[in-house]
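Work through the exercises below with the sequence and the coordinates at hand. Each task is followed by a stepwise solution.

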Amino acid sequence: MSFFHRKKTEVDFDHLPKHIGIIMDGNGRWAKRRGLPRSAGHARGAEKFKEITTFCGDIGISYVTVYAFSTENWNRPKAEVDALMRLLDEYLERAYDELRGKDVKVRVIGERHMLSDSLLQKIEALEKHTAHKKELTLNLAVSYGGRQEIVNAAKTLAEKAKNGEINPEDITEDTMSSLMYTAGQPDPDLIIRPSGEKRSSNFMVWQSAYSEYWFSNVMWPAFTKNDLLEAIHEYQKRQRRFGAL
Ligand code: IPE
Ligand code: IPE
Ligand code: MG
């Protein structure tokens with residue numbers, strides 16, 4: 001029996017994590033090790049993104065959030081940022097065909113105003129086109145920062161308090177959750193970060209309070225379906241206590 005099948009049978013498909021977050025890291029190092037430009041790593045990473053998110057839908061995951069570009073990634077050289085934005089553009093262009101017949105709702109989360117008008121139009125069109133889909137919700141985090149997301153919520157609340165629309169005493173954790181991009185979605189149960197780095201890098205700061213992390217040294221372009229199954233399998237062996245006994 002192949003390794004893939006062995007892992008596959010070990011996973012309990014009746015108790016999958018509802019929401020998986022993936023920090024798609026390691027594209028640059030993957031390319032460098034092969035003597036390729038970083039952009040080649042990003043191109044391969046984009047292919048991997050499609051493969052793994054499709055697989056998530058196939059096995060029955062309901063929510064996937066992929067970290068594609070952080071608010072801090074704007075500080076990279078312009079040529080690299082441009083290459084990444086081009087890949088996003090290509091994905092948005094092809095998504096109609098590739099998602100045809102699939103029950104996938106796509107949402108782009110992050111600081112949209114930083115994106116070009118042309119990207120924005122394509123994002124809005126794809127979101128509208130898939131808004132009624134149900135089986136898998138795919139949050140694509142672009143120009144996303146977890147702290148920024150919380151700052152935005154604070155601004156909204158301050159504005160409402162100033163206008164007398166809310167009483168500060170009435171603000172709860174649920175109020176905050178409802179102001180995140182992921183309002184109405186469950187918090188991520190499992191967050192996967194390949195590439196060997198063991199940090200969140202500003203990913204889902206509010207939502208990840210009780211997420212389980214799974215780290216791997218594999219670079220994102222080399223990540224496999226089996227790695228995903230291994231992460232889920234390990235997640236299923238953990239005991240989540242949420243502070244209780
Ligand atoms: C992840 O790969 C993609 C983005 C952050 C946009 P990196 O580009 O961070 O690759 P490494 O970490 O330098 O290898
Ligand atoms: C995190 O990766 C952001 C994405 C994967 C999109 P980075 O490569 O930007 O994170 P750091 O700089 O290693 O923390
Ligand atoms: Mg990186």
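The exercises concern a predicted model and treat its sheet and then three glutamates.

**Exercise 1.** Give the strand order of the open sheet of six strands, and state which strands stand at the edges.

Solution.
- Step 1. Read across the open sheet: the order is S3-S4-S2-S1-S5-S6, and the pairing is parallel.
- Step 2. Look at the ends of that order. Strand S3 (104-109) and strand S6 (212-215) are the edge strands; each has a single partner strand, so one side of each lacks a neighbour in the sheet.
- Step 3. Add the twist, which averages 20° from one strand to the next.

**Exercise 2.** How many bridges join strand S1 to strand S5, and which residue of S5 stands opposite Ile22?

Solution.
- Step 1. S1 covers residues 19-23 and S5 covers residues 190-193; the two run parallel and are joined by three bridges.
- Step 2. The residue opposite Ile22 is Ile192 in S5.

**Exercise 3.** Locate Glu111, decide whether Glu111 is buried or exposed, and list the polar contacts of its side chain with other side chains.

Solution.
- Step 1. Glu111 is in the loop between S3 and H5.
- Step 2. Its relative accessible area is 11%. Buried means under 20%, so Glu111 is buried.
- Step 3. The side chain of Glu111 makes a polar contact of 3.0 Å with the side chain of His113, and another of 3.0 Å with that of Asn152.
- Step 4. Beyond four places in sequence, Glu111 also has contacts that include Thr71, Val142, Ser143, Gln148 and Tyr181.

**Exercise 4.** Place Glu127 and explain why Glu127 counts as buried.

Solution.
- Step 1. Glu127 belongs to helix H5, residues 117-130.
- Step 2. Glu127 has 18% relative accessibility and therefore counts as buried, the limit being under 20%.
- Step 3. With residues up to four places away in sequence set aside, Glu127 touches Val106, Arg107, Val108 and Arg112.

**Exercise 5.** Glu149 has no salt bridge. How far away is the nearest side chain of opposite charge, and which backbone nitrogen does the side chain of Glu149 reach?

Solution.
- Step 1. Glu149 sits in helix H6 (residues 146-162) and is buried.
- Step 2. The nearest side chain of opposite charge is that of Arg107, 8.2 Å away. A salt bridge needs the atoms within 4 Å.
- Step 3. The side chain of Glu149 reaches the backbone nitrogen of Tyr181 at 2.9 Å.
- Step 4. Tyr181 is also one of the residues that Glu149 touches beyond four places in sequence; the others are Tyr144, Met180, Thr182 and Gln207.

Note on methods:
Residues numbered from 1 in each chain as written. Chains lettered and ligands numbered in written order. Predicted model: local features only at pLDDT ≥ 70, side-chain atom pairs only at ≥ 80, totals over all residues. Heavy atoms only, no water. Helix = DSSP H or I, 4+ residues; strand = E, 2+ residues; numbered from the N terminus. Buried < 20%, exposed > 50% of the residue type's maximum accessible area, 1.4 Å probe, protein only. Lys, Arg positive; Asp, Glu negative; His and termini not counted. Polar contact = N/O pair within 3.5 Å; in protein donor to acceptor, adjacent residues only side chain to side chain. Contact = heavy atoms within 4.5 Å. Pairing = 2+ DSSP bridges. Axes fitted to C-alpha atoms, helices over the stretch in contact; angles between N-to-C directions.
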